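Trainee: Could you walk me through this structure, step by step?
Mentor: Gladly; let us look at it together.

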Amino acid sequence: MNQPKKKVGVFSITCDEGCSIYLIEIFNKKLVGWLEKMEIKYFLSMKDKVEIKDFDIVLIEGVISSERDLREVIKIRENTKILIAMGTCAMTAFPSGQRNNFNAEQLERIQPKLKEFSYLPKCLALKDAVTVDDNIPGCPIDEKKFIEVFEKHLNA
């Protein structure tokens with residue numbers, strides 16, 4: 001009996017989207033086989049509209065730097081079974097998190113911009129805001145590790 005296809009989403013928050021670009025390279029090698037077991041419900045590089053609802057596996061790259069990022073990540077967490085931090089940015093909040101180490105004078109200078117763009121006082125890694133089920137390190141991601149982690153959850 002065939003298992004239902006897992007619904008997969010790939011989301012980018014504050015970042016350069018380098019992991020998503022590298023993921024397309026991995027898809028070039030592995031996607032045909034994976035499509036027997038999954039449906040890509042959302043991936044900005046492939047689909048531009050999504051209802052954040054009923055995901056089995058979600059990959060998120062980037063840093064939570066704004067109130068909008070935080071709301072989106074919380075909503076994604078509430079609507080997925082497995083959430084994977086994709087890339088070093090998502091795992092550590094850096095490099096955007098460099099501003100977390102600013103001194104008082106530097107923080108005072110950036111306050112108007114933080115307010116203007118609804119940035120959070122500090123950049124957050126995904127694990128600082130929601131429960132993360134797995135991590136794929138690298139900048140960009142490591143291909144072997146991505147395949148290992150993703151297939152573990154795809155085949156579960």
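**Cysteines and overall form**

Trainee: Why is the sulfur of cysteine 15 in no bond with that of cysteine 89?
Mentor: In this predicted model, local features need pLDDT of at least 70 and side-chain atom pairs count only at pLDDT 80 or more, while totals for chains, interfaces and linings use all residues. Residues are numbered from 1 along each chain as its sequence is written, and side-chain values use heavy atoms, leaving out hydrogens and water. A disulfide is a pair of cysteine sulfur atoms within 2.5 Å. The closest cysteine sulfur to that of cysteine 15 belongs to cysteine 89, and it is too far for a bond, at 6.4 Å.

Trainee: Which cysteine has the sulfur nearest to that of cysteine 89?
Mentor: Cysteine 89 takes part in no disulfide. At 5.3 Å, its nearest cysteine sulfur is that of cysteine 139.

Trainee: Is cysteine 89 buried or exposed?
Mentor: Buried means under 20% relative accessible area, exposed over 50%, and partly exposed in between (1.4 Å probe, protein chains only). Cysteine 89 has a relative accessible area of 16%, so it is buried.

Trainee: What is the radius of gyration of the protein chain?
Mentor: This radius is taken over C-alpha atoms, and the globule rule is 2.2 Å times the number of residues to the power 0.38. For 156 residues, a compact globule would come near 15 Å, which agrees with the chain's 16 Å.

Trainee: How many of the residues of the protein chain count as buried?
Mentor: The chain has 156 residues. The share that counts as buried is 40%.
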